[in-house]
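Hello,

Here is the structure I promised to pass on to you. Have a look at it first, and then read my notes below.

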Amino acid sequence: VRVVGSGQHTFSNEARIDQIAAALEKIWGSPFLGFGAGEGAMKLGFVNPSGEATIDSCFRSILMDYAIFGFLVFYGMLAYAIVLSVSLAFRSSAQMVRRLSAALGIFLIQFVVIKMVLSQEANHPLVFIALGSLATVAYFSENPPPRNEATR
């Protein structure tokens, strides 16, 4: 009901449509530089009932703050990490690598899906931790540490 927009959620969906139109107009005004970290919501001009500037989607927020190049870098990094985690989950011979990469991939996919309708940045540090963890898992899947009696 919230996505399709019926009943009480109609006004919210109409506001999202208005935000998209206004954001596209503003983005084309500064397509290469953006407006700076945290400044996109102020430039967009939408406020919540308490008077704070807001953007309903992280996609729009990243586009407004960091422009097209920043958007491509941020979501390209996430897309590459998701592809890498799926690849590791299917091709690795180590069971622990398969499990960890699958869990990290699921976490990153969930993050991207949630960011379609939520612009809150409080959980972004968790994503950077997950990206670092995935880099470590990928490294050790290609370069396993030597095993001897002392390391068991």
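**Helix α5 and its surroundings**

The residues of α5 that are buried are His124, Val127, Ala130, Leu131, Leu134, Val137 and Ala138. Viewed down the axis of α5, these buried residues fall within an arc of 125°, so they line one face of the helix. The general geometry fits this picture: with 3.6 residues a turn in an α-helix, residues three or four places apart point the same way. What does that buried set pack against? The partners are α3, which covers 58-91, and α4.

Before I go further, please keep in mind that this is a predicted model.

As for its dimensions, α5 takes in residues 124-142, 19 residues in total. From first C-alpha to last, α5 reaches 28 Å, close to the 27 Å expected at 1.5 Å a residue.

**A link between α3 and α5**

How many salt bridges does a search of the whole structure find? The search finds one. In this salt bridge the side chains of Arg91 and Glu142 meet, at 3.2 Å from N to O. The pair links distant parts of the chain, as Arg91 sits in helix α3 and Glu142 in helix α5, 51 residues apart. Glu142 has a relative accessible area of 49%, and is therefore partly exposed.

**A nonpolar patch on the surface**

You may also want to look at a nonpolar patch on the surface, formed by Ile109, Val113, Ile114, Met116, Val117 and Leu118. Together these residues have about 470 Å² of accessible area. One of them, Val113, has its place in helix α4, which runs over residues 95-115. Is Val113 buried, exposed or partly exposed? Val113 counts as partly exposed because its relative accessibility is 41%.

**The protein as a whole**

Stepping back, the secondary structure comes to five helices and zero strands, and reading along the sequence gives the pattern α-α-α-α-α. The protein has 152 residues, of which 32% count as buried. The protein exposes about 9900 Å², with carbon and sulfur atoms supplying 66% of that area. Among contacts with a separation of 6 or more, 62% come from residues 24 or more positions apart. The salt bridge between Arg91 and Glu142 also joins distant parts of the chain.

If you open the model, I would begin with the buried residues of α5 and the places where they pack against α3 and α4.

Best wishes

Methods: Residues are numbered from 1 along each chain as its sequence is written. This is a predicted model: local features need pLDDT of at least 70, side-chain atom pairs count only at pLDDT 80 or more; totals for chains, interfaces and linings use all residues. Side-chain values use heavy atoms; hydrogens and water are left out. Patches are made of residues with over 30% relative accessible area and no salt bridge: like charges are joined within 9 Å, nonpolar side chains (Val, Leu, Ile, Met, Phe, Trp, Tyr) within 5 Å. Accessible areas come from the Shrake-Rupley method with a 1.4 Å probe; for residues, only the protein chains shown count as cover. A salt bridge is a side-chain nitrogen of Lys or Arg within 4 Å of a carboxyl oxygen of Asp or Glu. Helices (H or I, at least four residues) and strands (E, at least two) are DSSP runs, numbered from the N terminus. Buried means under 20% relative accessible area, exposed over 50%, partly exposed in between (1.4 Å probe, protein chains only). The expected span of a helix is 1.5 Å times one less than its number of residues. The arc is that of the directions from the helix axis to the C-beta atoms. Contact means heavy atoms within 4.5 Å.
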